[in-house]
Amino acid sequence: MPLPDPTTRHPIPGWKGTAFLKAVVDHPLIEVGDYSYYDDSRGPEHFVARCVRYHFDFIGDRLIIGKFVAIAQAAQFVMNGANHPIGGFSTFPFQMFGLGDPESLKRPGPNNRGDMVIGNDVWIGREAVIMPGVHVGDGAIIGTRAQVTKDVPDYAVVAGNPGRVVKMRFPPEIVAELLAIRWWDWEAEKIARHVAAIQGADIDALHAAV
């Protein structure tokens, strides 16, 4: 059976609580890979409004989501517009209201930590919070209600507040091989043929599928 079209709005028959993000996200500063989805019983089409916070066009930071990312209800992607200046006498964001140099909001620094990048094959649990500029590696798992304040290694499991790596999913040598194979970049038909190898924990079987 082939994979569904990645632009399908509701890919699970009979259930409208899950949507492929490519079908519901239309924002110039948000990039979404094929088959990444958001699940929300209140309506996954509201992903940008409910989950991507303080994302102002005039700041210019991007949210980049890889392929095959699974995002649970009410996960929060906090962008750089949430940051306030803390190095001076006031934390009020004057530039947001047209006072001062608005270009300063685009410059890298304490108040602009750059793009947020979510790797491929990442699972983000319900109500997890990912803070500005964080990069989440391929194959990582972000636990329910974790607050992620720093970059997450490939294939790490993060939990807690503040979020911390509680374990690695696989030994370093297996992680290196998975990152070299990059099954998520295969053609959809090839992925469909080799689902058992992709879901299994047998690296030899996955190599044979290559």
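This note goes through the pockets, strands, aromatic rings and unusual backbone angles of a predicted model.

1. The largest pocket. Its volume is about 830 Å³. The residues closest to the centre of this pocket, out of the 30 that line it, are F68, D121, W183, I198 and Q199. Four helices each give two or more residues to the lining: α3 (172-181), α4 (188-193), α5 (195-199) and α6 (203-209). The most comes from α5, with 4 residues.

2. Where the largest pocket lies. Residues of domain 1 (18-169) and of domain 2 (170-209) both take part in the lining, so the largest pocket lies between the two domains. By class, its lining has 25 nonpolar, 2 polar and 3 charged residues.

3. The second largest pocket. This one has a volume of about 210 Å³. It has 16 lining residues, and P85, Q95, S104, L105 and N111 lie nearest its centre. The lining divides into 7 nonpolar, 8 polar and 1 charged residues.

4. The aromatic rings. A pair of aromatic rings is described by two values, the distance of the centres and the angle of the planes. The model has 10 aromatic pairs. In one of them, W183 and W184, the ring centres are 5.6 Å apart and the planes stand at 70°; an angle over 60 degrees counts as edge-to-face, so this pair is edge-to-face. Both W183 and W184 are buried. Ring pairs also link F20, Y35, F68, W183 and W184 into a cluster. Two members of this cluster, F68 and W183, are among the residues closest to the centre of the largest pocket.

5. F68 and A74. Most residues other than glycine have a negative phi. F68 has a positive phi, near 55°. It is found in the loop between β5 (63-65) and β6 (70-71). Is F68 buried or exposed? Its relative accessible area is 17%, so F68 is buried, the cut-off being under 20%. A74 is not a glycine either, and its phi is positive at about 70°. The place of A74 is the loop between β6 and β7 (76-78).

6. The parallel sheet. Strands of a sheet pair through backbone hydrogen bonds, either parallel or antiparallel. Here an open sheet of 4 strands, with parallel pairing, has the order β4-β7-β10-β13. Its edge strands, β4 (52-53) and β13 (147-148), each pair on one side only. Strand β10 (residues 129-130) is joined to β13 by 2 bridges, and V129 stands opposite Q147 in β13.

7. The hairpin. Strands β14 (residues 156-159) and β15 (residues 164-168) run antiparallel and are joined by 4 bridges. V157 stands opposite K167 in β15. The two strands form a hairpin with 4 residues between them, and G160 in the turn has a positive phi of about 95°. P162 lies in the loop between β14 and β15. Most peptide bonds are trans, but the one that joins N161 and P162 is cis, with omega about 0°.

8. H194. Which loop holds H194? It is the loop between α4 and α5. The relative accessibility of H194 is 22%, so H194 counts as partly exposed. H194 and A209 are 15 residues apart along the chain, and their C-alpha atoms are separated by 6.5 Å.

Terms used
Residues are numbered from 1 along each chain as its sequence is written. This is a predicted model: local features need pLDDT of at least 70, side-chain atom pairs count only at pLDDT 80 or more; totals for chains, interfaces and linings use all residues. Side-chain values use heavy atoms; hydrogens and water are left out. On a 1 Å grid over the protein atoms alone, a cavity is a set of points where a 1.4 Å probe fits but cannot get out, and a pocket is an open set with protein on both sides within 12 Å along at least five of seven lines; lining residues have an atom within 4 Å of a point. Grid points are joined across faces, edges and corners, and a volume is the space filled by probe spheres set on the points. Ala, Val, Leu, Ile, Met, Phe, Trp, Tyr, Cys and Pro count as nonpolar, Asp, Glu, Lys and Arg as charged, and the others, Gly among them, as polar. Domain bounds come from an automatic or database domain assignment. Two strands pair if DSSP finds at least two bridges between them. Rings of Phe, Tyr and Trp (its six-membered ring) pair if their centres lie within 6.5 Å; planes under 30 degrees apart count as stacked, over 60 as edge-to-face and the rest as tilted. Buried means under 20% relative accessible area, exposed over 50%, partly exposed in between (1.4 Å probe, protein chains only).
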